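Thanks for asking me to look this one over. My comments follow as numbered points, so you can go through them with the model open beside you.

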Amino acid sequence: MTRSITGDRPVLIVGAGIGGLTTALALHQAGVPVRVFEAVRAIRPLGVGINLLPHSVRILTDLGVGPALAATAIETSALAYFNKHGQPIWSEPRGLAAGYPVPQFSIHRGELQWILYQAVEARLGSGSVLTGHELVRWEDTGAEVRAVFVDRETGRESNPIRGAALVGADGIHSVVRRTFHPDEGPARFSGRMLWRAVTDAEPYLDGRTMIMAGHQRQKFVAYPISRVRADRGRSLVNWIAELEVGGGTPPRQDWSREVAKEVFAPAFASWRFDWLDVPGLIAGAETVFEYPMVDRDPLPRWTHGRVTLLGDAAHAMYPIGSNGASQAILDAAALTRRLVDSADVERALEEYQDDRLGPTAEVVLANRRNGPEQVMQIAEERAPAGFGHIHDVIPRAELEDIAARYKRTAGFAPDQVRREAAR
Ligand SMILES: Cc1cc2nc3c(=O)[nH]c(=O)nc-3n(C[C@H](O)[C@H](O)[C@H](O)COP(=O)(O)OP(=O)(O)OC[C@H]3O[C@@H](n4cnc5c(N)ncnc54)[C@H](O)[C@@H]3O)c2cc1C
């Protein structure tokens, strides 16, 4: 058996979110020892819906969690854009229907995290994810990393925990990133606010379509996320209402901050389309969470010696084009490949950075230009009162080009995914 370049020393993964847990599964499968540290005391199913694009589903399938995902998630059949009057702008098949070797999944983030967490616990051993461990500092000696964690509740610090490398998968407020970039300041606010919730509803369209309606200043996104609910003839619809609220310092970024619907619902009161009742969906939600649309500027580097960044810590991006979780999963696969193929750890982390920093920076920047959703903004600018047929205002070739270009930038054009699958 080939020995891992880390020897017996584990890779220390900071953060048991989507990126950290996937990295743990991938490294373990490749024979690299890992330990995972999570700040919160208990993993709870937080968040609402999230999308997994085929390039990330392929990786998760190779990691053996495909069946668990399929039992829980909705296989997204199509993505469709509409204007604020509910008129169709663009629709494209997704997942298997689009010729990918694997589906696109829409899933509850908490369920996705739970599936990954259960797989890590089952394969690496119970307790392999150390909760109540918030990274506070570390030392890179050149030969190893020594990391110190604190229990938020007791304030007690751990003894230094030694590893061959440290991966900061600690999300948008990453302490690892802040240590390298202490002057970066808060996340960059788009001036747009998101209100997110789920509603138990009658299925709309085919029950598996992701829709977006509106334009850059006012948008509504919906997609069903529960296979169990669909099997019962219902639909658990994840939705996001979005409004431009002006720039300045972003409000606190807390995925669990609840707000009253009155804050935003009146703006959508007239959005009753014959294929979707937006006010009805909003009214049917029990709890609504507010989250500002923020990202961070691309960094010049992620890797410093034996320490690197992954997922949102490395490249927090606007939730446009459904790439946040998927790009974190792609990072996990790239890092694993390099740690298996390279001659030494520091080189592996540099190579991983070279593989992933450029492509993810492009996605961050493409999302600032509204990514594939720019078709909605173009339609609004050219025909604010609506149109007879979309091709009267946006030619088909222009629509096709925007959709295809974004897929290529984010790495999920069908031929790219098929090529990766054949590697
Ligand atoms: C509670 C929560 C709810 C979310 N809900 C949604 C959602 O509904 N829809 C959506 O699109 N995206 C959501 N996200 C973001 C989404 O998960 C990420 O954008 C994407 O999946 C990339 O994942 P990540 O692993 O890089 O970061 P995250 O999934 O954010 O995971 C980071 C993890 O690191 C832990 N952590 C942070 N600091 C430390 C530290 N110092 N030491 C140890 N651990 C630390 C955090 O507790 C967290 O578990 C949510 C994130 C969180 C944390």
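**Notes on the fold, the ligand shell and a few residues**

1. Let me begin with one pair of strands. β3 and β7 (residues 105–108) run antiparallel to each other and are joined by four bridges. If you want a residue to click on, take Ile-50: its bridge partner in β7 is Ile-107. Please keep in mind throughout that this is a predicted model.

2. Those two strands belong to an open, antiparallel sheet of three, ordered β3-β7-β4. β3 (49–52) and β4 (74–75) are the edge strands; each has a single partner, so one side of each is left without a neighbour in the sheet. Helix α4 (residues 109–124) packs on this sheet, where it touches β3 and β7. The direction of α4 makes about 90° with that of β7.

3. There is also a parallel sheet to look at. This one is open too, with five strands in the order β8-β2-β1-β12-β19. Its edges are β8 (129–130) and β19 (307–309), each of which pairs on one side only. At the β8 end, two bridges join that strand to β2 (residues 34–37), and the two run parallel. Val-36 stands opposite Val-129 in β8. As a general reminder, strands of a sheet pair through backbone hydrogen bonds, in either a parallel or an antiparallel way.

4. Which residues come nearest to the ligand? They are Gly-15, Gly-17, Gly-19, Gly-47 and Gly-311, out of 31 residues around the ligand. Elements giving two or more residues to this shell are α1 (18–29), β9 (134–140), α8 (312–315) and α9 (324–341). Sorted by class, the shell holds 17 nonpolar, eight polar and six charged residues.

5. Two backbone angles deserve a check by eye. Ser-322 is not a glycine, yet its phi is positive, about 60°. Ser-322 lies in the loop between α8 and α9, and it counts as buried because it has 25 C-beta neighbours inside 10 Å. The other case is Asn-370, also a residue other than glycine, with a positive phi near 75°. Asn-370 sits in the loop between α10 (345–368) and α11 (374–382). Is Asn-370 buried or exposed? With 20 C-beta neighbours inside 10 Å, Asn-370 counts as buried; the cut-off is 20 or more.

6. Phe-189 is a handy place to see parts of the chain that are separated in sequence come together. Phe-189 is in strand β13 (residues 188–201). Its C-alpha atom is 6.8 Å from that of Asp-295, although the two residues are 106 apart along the chain. Leaving aside residues up to four places away in sequence, Phe-189 touches Gly-247, Gly-248, Thr-249, Pro-250, Pro-292 and Val-294. Phe-189 has 19 other C-beta atoms within 10 Å, so it counts as partly exposed.

7. Finally, the whole chain. Its secondary structure comes to 14 helices and 19 strands. The radius of gyration is 21 Å, which agrees with the value near 22 Å for a compact globule of 423 residues. The C-alpha trace spans about 65 × 45 × 45 Å along its principal axes. Of the 423 residues, 48% count as buried. Among contacts with a separation of 6 or more, 74% come from residues 24 or more positions apart.

Notes: Residues are numbered from 1 along each chain as its sequence is written. This is a predicted model: local features need pLDDT of at least 70, side-chain atom pairs count only at pLDDT 80 or more; totals for chains, interfaces and linings use all residues. Two strands pair if DSSP finds at least two bridges between them. Two residues are in contact if their C-beta atoms, placed from the backbone, lie within 7 Å. Axes are lines fitted to C-alpha atoms, for helices over the stretch in contact, and angles run from 0 to 180 degrees between N-to-C directions. A residue is near a molecule or strand if its C-beta atom, placed from the backbone, lies within 6 Å of it. Ala, Val, Leu, Ile, Met, Phe, Trp, Tyr, Cys and Pro count as nonpolar, Asp, Glu, Lys and Arg as charged, and the others, Gly among them, as polar. The radius of gyration is taken over C-alpha atoms; the globule rule is 2.2 Å times the number of residues to the power 0.38. A residue is buried if 20 or more other C-beta atoms lie within 10 Å of its own, exposed if 12 or fewer, and partly exposed in between; C-beta atoms are placed from the backbone.
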